[in-house]
Amino acid sequence: MAQPHPLSVPSPGGSAGSASSTGSLAQPTTVGLDPRLAARVLRASRTAGLAAASLGLLILAGRAFGVSAYLAIGPGFVPMKPNAVLGIVLAGLFLWRFRVREGRRAKWARRAAGLLVGVVGLLTLSEHLFGWDLGIDQLILRAAAEELGTFPPGAMPPVTALSLALLGVGLLLLEAESNRVVRTVQAMGLTVVLLAFVSLVSHPYRVQDFYGLASPYARMSIHASIALVLLGVGIFLARPDRGVAALLSTRSAAGVMARRLLPVGIAVPVLLGWLVRAGEQTERYPRGFGFSLLAVANVLVLSAMISI
């Protein structure tokens with residue numbers, strides 16, 4: 001007789017589902033976990049990892065062959081640093097290939113990649129904190145001409161380094177069975193998302209002072225912001241059978257509400273903020289009035305989503 005899939009949990013109707021990736025998820029601890037939803041969440045995590053790795057490879061190819069179109073989107077945008085590209089590609093590829101019940105070689109390869117990503121992030125962070133140059137920032141590619149005036153030359157900004165350090169630790173601990181450890185990893189993923197999202201949102205808002213030389217976001221490229229958001233989301237969703245992410249894999253009222261509100265809660269405030277910013281720049285209304293419009297619009301949209 002065929003054995004049920006590890007995530008085959010009886011649904012409210014009494015039937016058991018089956019996940020699409022056999023052996024890729026551990027025994028669930030969340031009551032009401034739906035195998036099909038869990039498989040979708042896991043697929044979203046892997047897709048995010050693959051997208052981030054693909055973006056990194058594209059940027060790395062652009063730097064290697066001097067294709068400027070891949071380095072900066074337009075005037076005022078800076079290129080992604082080589083070590084940041086390396087960390088993003090490694091983290092993305094191993095997140096894409098992650099399985100809880102993976103073979104020994106795959107597990108040790110993922111741990112080695114996580115260790116490398118974390119160490120590169122920590123060493124770069126130490127360069128910014130202590131003002132020394134460890135010579136690790138030009139090992140892959142020489143710094144571009146516009147980067148030679150910075151110190152250390154070719155170094156990724158502090159926020160990118162911190163994000164890679166968190167991602168490295170997350171890769172090391174992804175297969176943990178402890179809910180406490182998984183929740184910690186998911187918290188690291190969300191921290192990376194928040195750090196990178198601040199930079200990502202500031203680009204369309206044209207926040208120039210945000211990228212001053214004294215800022216921890218100085219010289220952070222929009223490519224790195226996008227890739228780090230993807231990786232942070234991927235780390236958070238990589239264990240849909242454990243921790244906070246398991247809520248997205250249930251058909252409970254809380255799970256339905258979370259799946260419905262999360263995309264809207266992220267996209268709508270950003271879009272409304274951009275519209276308010278555009279109105280202020282064109283002087284269509286006083287500056288303070290724009291914040292009032294933003295608050296009212298957020299309340300209306302979220303209230304409408306809750307009532308649906």
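**Helix packing in a predicted eight-helix chain**

The protein chain has a mean pLDDT of 77, and 74% of its residues reach 70 or more; pLDDT is the predictor's confidence in each residue, from 0 to 100. Over residues 1-23 the pLDDT is below 50, although this stretch has 38 contacts in the model beyond near neighbours in sequence. A contact means heavy atoms within 4.5 Å. Where pLDDT is low, the predicted coordinates should not be read in detail.

This is a predicted model, in which local features need pLDDT of at least 70 and side-chain atom pairs count only at pLDDT 80 or more, while totals for chains, interfaces and linings use all residues. Residues are numbered from 1 along each chain as its sequence is written, and side-chain values use heavy atoms, with hydrogens and water left out.

The chain contains eight helices and zero strands. Helices (H or I, at least four residues) and strands (E, at least two) are DSSP runs, numbered from the N terminus. Of the 308 residues, 47% count as buried, where buried means under 20% relative accessible area, exposed over 50% and partly exposed in between (1.4 Å probe, protein chains only). Among contacts between residues at least 6 apart in sequence, 67% join residues at least 24 apart.

Helix α4 takes part in two packings described here. With α4 at residues 158-172 and α6 at residues 222-237, the pair packs at an angle of about 25 degrees, and the axes are 11 Å apart. Axes are lines fitted to C-alpha atoms, for helices over the stretch in contact, and angles run from 0 to 180 degrees between N-to-C directions. That angle makes α4 roughly parallel to α6 (under 35 degrees; over 145 is roughly antiparallel, 65 to 115 roughly perpendicular, the rest oblique). On the α4 side the contact is made by Thr160, Ser163, Leu164, Leu167, Gly170 and Leu171, and on the α6 side by Leu228, Leu231, Gly232 and Ile235. These residues divide into six nonpolar, four polar and no charged. Ala, Val, Leu, Ile, Met, Phe, Trp, Tyr, Cys and Pro count as nonpolar, Asp, Glu, Lys and Arg as charged, and the others, Gly among them, as polar.

The second partner is α2 (residues 82-96), whose axis comes within 11 Å of that of α4 and crosses at roughly 25 degrees. The two helices are therefore roughly parallel to each other. Asn83, Ala84, Gly87, Ile88, Ala91 and Leu95 of α2 meet Thr160, Leu164 and Leu171 of α4.

Alanine 295 lies in helix α8 (residues 287-307) and is partly exposed, with a relative accessible area of 43%.
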